[in-house]
Amino acid sequence: MLFVSRVSGLFALGFVVLVFSACALPQADGDDDTSPALYEGDEPGECADGADNDQDGLFDCNDEGCQGAPDCEDTGDDDDTGDDDDTGDDDDTGDDDDTTSGATATLSGRITSSVSHVAANDGVGTLWVVLYSSQPFSENPSQVVGLPASTAFADFSVAGASYGYEITDIQPQGSPISVLVLFDDSDPLNFTPAGPNPDPDDLLEVVSLPTLPEILIDSAGNYTRDFSLNLAGVTH
C-alpha cells in the first residue's frame, strides 16, 4: 500500500506540473505578440507624415522603408527644373539686343565757306544744319529726321571761315537724306527748320538749284561729312 501511495503521489505531482506548464506557455506567447516590429512606410501616408514611425532616427523618404514609395518617387516637380532652367524667354534677348528700330545715328563734320558773303549785313549770324527725309525745296513733303545743329554768332564775313557741327538722334532711313546747310545772316533770324526759306543775305550749299546734298544714313552709328557754303544771295 505504501508503494501504491507513493506512485499515486508522483502521478499527482506530475499532473500538476503538466497543468502548470500548459497554462504558462500561452501566456509567454502572448507577451511576444504584444511587441510587433515597427516599420516606416507600411501604412499609407507614413512616408510623408514627418514622423519617425520605426524609431530608427530616419523618417519619410530618408528611411529605407520608404524607398520606392509614391511619395518619394514623385519628385519630378522638384527635380525637374525645366521651367526654372528654361530661361529661353530671359536669354532670348533678341528683342532687347535688336535695337535697330530704336537706335539712332550721329552725323558730324566741318562746314567751310567757299564764297564771299553778300555785304547786305555784317556776315555774323547763325549756322544751321538740318536733315530732311527728302528735298525740302521740292514738291515732295519732307520731315526733319534728326535734331538740327546750330551755331550762333558764326562769322562768315569773309570766305574761308570754318565751323564744326554735330547732329544726334538721327532716325536711319532707307533712302538718302537731304542735308540743308544754311547760314542765316538775318537779324532777327528768319529761318525755321520746319519751313526753310533762305533770303538774299544767307549762304547755303547746293548741288544744283534747288537740289541739296544728300547722305545715306541707313543704320545706327557715327557718320562724318564735311560741307561747303558755296552759294550766296539766293531766295527760293
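**Aromatic pairs, disulfides and a buried glutamate**

A search through the whole structure, which is a predicted model, turns up three aromatic pairs. One of them is made by F156 and F183, which meet edge-to-face, with ring centres 5.0 Å apart and 65 degrees between the planes. This pair links distant parts of the chain: F156 sits in the loop between β3 (149-155) and β4 (162-170), while F183 belongs to strand β5 (residues 177-184), 27 residues apart. Solvent gets no look-in here, as the relative accessible area of F156 is 0%, which makes it buried, and F183, also at 0% relative accessibility, counts as buried too.

Y165 and F227 make up another pair, and here the geometry is tilted, because the ring centres are 6.0 Å apart and the planes stand at 50 degrees; the cut-off for edge-to-face is over 60 degrees. Y165 comes from strand β4 and F227 from strand β9 (residues 227-229), so this pair ties together parts that lie 62 residues apart in sequence. Y165 counts as buried at 7% relative accessibility, and F227, with a relative accessible area of 4%, is buried as well. Going back to F156 and F183, these two residues join Y163 in one aromatic cluster.

Next come the cysteines. The structure holds two disulfides. In one, C47 is bonded to C66, with the sulfur atoms 2.1 Å apart. The angle about the S-S bond is -95 degrees, making the C47 and C66 link left-handed. Both C47 and C66 lie in the loop between α1 (2-33) and α2 (70-73), so the bond ties together parts that are 19 residues apart in sequence. As for exposure, C47 and C66 are both buried.

The other disulfide joins C61 to C72, with an S to S distance of 2.0 Å. The C61 and C72 link is left-handed too, with -100 degrees about the S-S bond. C61 is placed in the loop between α1 and α2, whereas C72 is in helix α2, so the bond ties together parts eleven residues apart in sequence. The two ends of this bond fall into separate exposure classes: C61, at 39% relative accessibility, counts as partly exposed, but C72, at 18%, counts as buried. The call on C72 rests on the cut-off, because buried means under 20% relative accessible area. With the bonded cysteines of the protein numbered in sequence order, the pairing reads 1-3, 2-4.

That leaves a charged residue, E205, found in the loop between β6 (203-204) and β7 (214-215). E205 is buried yet goes without a salt bridge. The nearest side chain of opposite charge is that of R225, 5.3 Å away, and this falls outside the cut-off because a salt bridge needs a side-chain nitrogen within 4 Å of a carboxyl oxygen. What the side chain of E205 does reach is the backbone nitrogen of S228, at 2.5 Å. Leaving aside neighbours within four places in sequence, E205 is in contact with V181, L212, P213, F227, S228, L229 and N230. Two names on that list have come up already: F227 is the partner of Y165 in the tilted aromatic pair, and S228 is the residue whose backbone nitrogen the E205 side chain reaches.

Terms used:
Residues are numbered from 1 along each chain as its sequence is written. This is a predicted model: local features need pLDDT of at least 70, side-chain atom pairs count only at pLDDT 80 or more; totals for chains, interfaces and linings use all residues. Side-chain values use heavy atoms; hydrogens and water are left out. Helices (H or I, at least four residues) and strands (E, at least two) are DSSP runs, numbered from the N terminus. Buried means under 20% relative accessible area, exposed over 50%, partly exposed in between (1.4 Å probe, protein chains only). Lys and Arg count as positive and Asp and Glu as negative; His and the chain ends are not counted. A polar contact is a pair of N or O atoms within 3.5 Å; within protein, one must be able to donate a hydrogen and the other to accept it, and residues adjacent in sequence count only if both atoms are side-chain atoms. Contact means heavy atoms within 4.5 Å. A disulfide is a pair of cysteine sulfur atoms within 2.5 Å. Rings of Phe, Tyr and Trp (its six-membered ring) pair if their centres lie within 6.5 Å; planes under 30 degrees apart count as stacked, over 60 as edge-to-face and the rest as tilted.
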